[in-house]
Amino acid sequence: MATMRPAHFPNTADDHEHDREHDAFAAIEANLPEVVEAIYEPSIFDGRKVQHQPDFVLFWNEVGALTLEVKNWDFERVDFIDPRTIKYRHSDGHKDFRTHPFRQAQVYSVALRQHLQRVEKESNLGLVNEDGPHAGALRFHVGHGLILMGTTEADLDRISTILGNTPKAYLISE
């Protein structure tokens, strides 16, 4: 079981039946090894000290760090998509533009890199390379991804078409 921060999902509602971040929290905790530390909704600050709050950040000694964004969208309601934006139609007919979820996770991973590099300058924790061609860069990889809750394997082709050029890696919740 992964080490979760906080140890339990914050109770923001009495009923978590439809709360997909709660479901993702439980899935991460139950399915990742103990060496993974998963932080729910951390506050991270990019190079301009702008605050960002990804749904999850995972730290894994042998792998690196990963920012994750959790979505529970009905992909039949996506009317338009490009690499930065999605036009989403709500059940009441209202439409709005949203940041493409993969772009959102990517922005968070850049902010996390900048945040960790700043922490290193302040605390000297050994997070960055001191010498060589990668001097100043983190000693580990920082990636990004999506958790698409409420999806099934049958949804994958449609989701891949809608989301465009995203990696072929999915966490299926069925």
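This briefing introduces the sheet, the helices packed against it and the nonpolar cores of the structure above. Please keep in mind that the model is predicted. A good place to begin is an open sheet of five strands, ordered 1-2-5-6-10 with mixed pairing.

**The sheet**
- In general, the strands of a sheet pair through backbone hydrogen bonds, either parallel or antiparallel.
- At the edges of this sheet you will find strand 1 (3-5) and strand 10 (141-148); each has a single partner strand, so one side of each is left without a neighbour in the sheet.
- From one strand to the next, the twist averages 20 degrees.
- Strand 1 and strand 2 run parallel and are joined by three bridges.
- In strand 2, Glu37 stands opposite Thr3.

**Helices against the sheet**
- Helix 1 packs on the sheet and touches strand 1, strand 2, strand 5, strand 6 and strand 10. The direction of helix 1 makes about 10 degrees with that of strand 5.
- Helix 2 (residues 101-123) lies across strand 5, strand 6 and strand 10, and runs at about 150 degrees to strand 10.

**Nonpolar cores**
- The largest nonpolar core has 15 residues, and Met4, Ile28, Phe56 and Ile147 touch the most other members.
- Helix 1 (20-31), strand 2 (36-40), strand 5 (56-60) and strand 6 (64-71) each give two or more residues to this core.
- Leaving aside residues up to four places away in sequence, Ile28 touches Ala2, Met4, Ala38, Phe56, Leu58, Leu68 and Ile147.
- Another core, of ten residues, lies apart from the largest one, and its members include Ile44, Ala65, Ala111 and Leu112.

Conventions:
Residues numbered from 1 in each chain as written. Predicted model: local features only at pLDDT ≥ 70, side-chain atom pairs only at ≥ 80, totals over all residues. Heavy atoms only, no water. Core = buried A, V, L, I, M, F, W, Y, C linked by side-chain atoms within 4.5 Å. Buried < 20%, exposed > 50% of the residue type's maximum accessible area, 1.4 Å probe, protein only. Helix = DSSP H or I, 4+ residues; strand = E, 2+ residues; numbered from the N terminus. Contact = heavy atoms within 4.5 Å. Pairing = 2+ DSSP bridges. Axes fitted to C-alpha atoms, helices over the stretch in contact; angles between N-to-C directions.
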